[in-house]
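Work through the following exercises with the sequence and the coordinates at hand. Each task is followed by a solution that proceeds step by step.

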Amino acid sequence: MVHSRFRLFLLLFLFSTVLLVGSVASYACTGMRVIAKDGSVVWVRSMEFGTSTKSDIMIVPRGMAWTSSAPDGKKGMQWTNKYAFVGPNGFAMESPLEGMNEKGLYVGGFWMAAGESEYPKIKPADYSQTISQADFGAWLLGNCASVAEVKERVPQLKLTGVEVEFLHMSPLVHWSVVDASGKAVVIESIGGVITVSENPVGVFTNAPSFGWHLNHLRMYINLRPDNVQPFKLGDYKITPLGQGTGLLGLPGDQTPPSRFVRAAFYANTALQPEDADGSVTLGMNLIANFSIPKGLSSGIGGDGKQEFDYTQWTTVYDFNRKALYFRTYDDQDYKKVSFDKLPLDGKKLLFIPMWNVKPTYADVSGQAKTH
């Protein structure tokens with residue numbers, strides 16, 4: 001099955017500043033890693049956008065054929081994915097926005113602001129080895145089993161940015177990659193050079209570059225999970241007003257730099273869970289702090305109307321047990337997709353609905369009893 005005809009449309013959804021109908025840009029995606037004491041790994045991610053993504057969970061079996069786009073509307077690299085993978089799509093497109101494969105490798109694309117990145121210049125002679133930014137995640141998920149393999153194979157690729165004609169731009173992306181061992185890297189194209197950088201804090205957001213975010217953490221070196229002790233200022237004794245004084249100064253706005261600081265602190269100071277169940281639970285609690293209700297982040301869409309960037313959906317990936325949990329803005333109950341219950345050797349793409357589900361609040365009124 002050839003997927004190249006879907007790519008330019010997918011680019012519009014995932015990384016651009018407007019949709020065909022106009023949309024607030026998706027600046028607010030956040031991802032975090034959780035590692036339990038027994039080595040179990042979980043990755044959580046929120047997806048923010050100004051218009052309903054109408055996403056479904058897409059199941060991509062082994063053996064699917066892909067053709068990437070190259071510059072000038074030419075065909076790029078062709079391949080058949082070795083590994084099956086699962087992840088949400090958008091607007092009924094036949095390509096994932098993020099996902100995890102059967103080996104426990106996660107890949108997620110995060111939008112970058114204009115001017116923050118630049119793709120390499122590709123010669124026509126290299127088009128057969130060229131892959132576009134829209135196809136890159138699918139290639140990684142279909143062909144790599146670990147971060148070590150990603151680091152080995154990425155330098156062999158010719159990564160390019162494909163221009164979306166009606167946007168007059170080539171959308172910019174950088175990627176978070178995590179494997180079942182907990183190893184994490186970031187892939188970026190800065191100044192026309194593709195880099196694969198270690199991710200020592202296990203969190204990810206949007207622009208600027210990852211190195212900038214790491215350096216920015218130095219501005220918050222004072223943050224601690226422990227409460228501040230009382231001290232005297234002159235003859236006046238200053239005492240805490242309550243819990244959380246060690247967090248004074250933690251940024252709370254929705255900008256990528258502030259979310260990165262917040263995510264880095266939350267993910268790395270929360271008590272380490274014992275096992276996979278604890279990692280899933282902790283991940284769900286961590287990412288809940290980054291949910292954006294409608295109205296808190298507004299802008300003007302491409303049609304000139306006010307729109308609101310909000311948390312479309314949240315995903316939780318259990319690497320060791322190969323499971324995906326998801327919830328949407330309209331239904332806060334998590335649903336589970338287990339890889340071992342999916343036909344990963346099929347010939348067709350399959351989809352599990354994410355939307356059009358009414359909130360399902362379990363009524364426990366009948367459980368009242370004496371202790």
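The exercises below concern a predicted model, and they move from the overall fold to one sheet and then to aromatic rings.

**Exercise 1. Describe the overall make-up of the protein: how many helices and strands does it have, and what percentage of its residues count as buried?**

Step 1: The secondary structure comprises six helices and 22 strands.
Step 2: The chain has 371 residues, of which 52% count as buried, and the protein exposes about 17200 Å², with carbon and sulfur atoms supplying 54% of that area.
Step 3: Turning to contacts between residues at least 6 apart in sequence, one finds that 70% of them join residues at least 24 apart.

**Exercise 2. Determine the strand order of the open sheet of eight strands, and state which strands lie at its edges.**

Step 1: Following the pairings across the sheet gives the order 13-12-11-8-7-6-3-22, and the pairing is antiparallel.
Step 2: Strand 13 (193-198) and strand 22 (350-353) each pair on one side only, and these are the edge strands.
Step 3: Neighbouring strands of this sheet are turned against each other by 20° on average, if direction is ignored.
Step 4: As one example of the pairing, strand 7 (residues 98-101) and strand 8 (residues 106-112) run in the antiparallel sense and are joined over three bridges, with Met-100 standing opposite Tyr-106 in strand 8.

**Exercise 3. Classify the ring pair Phe-136 and Trp-175, and then the ring pair Tyr-266 and Phe-290, as stacked, tilted or edge-to-face.**

Step 1: A pair of aromatic rings is described by the distance of the centres and the angle of the planes, and planes over 60 degrees apart count as edge-to-face.
Step 2: The count of aromatic pairs in the protein comes to ten.
Step 3: For Phe-136 and Trp-175 the values are 4.7 Å centre to centre and 75° between the planes, and the pair is edge-to-face.
Step 4: This pair links distant parts of the chain, since Phe-136 belongs to helix 2 (residues 136-143) and Trp-175 to strand 11 (residues 172-178), 39 residues apart; both Phe-136 and Trp-175 are buried.
Step 5: The ring centres of Tyr-266 and Phe-290 lie 5.9 Å apart with the planes at 70°, and therefore this pair is edge-to-face as well.
Step 6: Tyr-266 lies in helix 5 (residues 256-269), whereas Phe-290 lies in the loop between helix 6 (276-288) and strand 17 (298-300), 24 residues apart.

**Exercise 4. Which charged end sits over the ring of Phe-110, and which rings form a cluster with Phe-110?**

Step 1: The charged end of Arg-45 sits over the ring of Phe-110, 4.1 Å from the ring centre.
Step 2: Ring pairs link Phe-110 with Phe-204, Phe-210 and Phe-260 into a cluster.

Note on methods
Residues numbered from 1 in each chain as written. Predicted model: local features only at pLDDT ≥ 70, side-chain atom pairs only at ≥ 80, totals over all residues. Heavy atoms only, no water. Helix = DSSP H or I, 4+ residues; strand = E, 2+ residues; numbered from the N terminus. Buried < 20%, exposed > 50% of the residue type's maximum accessible area, 1.4 Å probe, protein only. Contact = heavy atoms within 4.5 Å. Areas by Shrake-Rupley, 256 points an atom, 1.4 Å probe, with all protein chains shown as cover. Pairing = 2+ DSSP bridges. Axes fitted to C-alpha atoms, helices over the stretch in contact; angles between N-to-C directions. Phe/Tyr/Trp six-rings, centres within 6.5 Å; stacked < 30°, edge-to-face > 60°. Lys NZ or Arg CZ within 6 Å of the ring centre and 35° of its normal.
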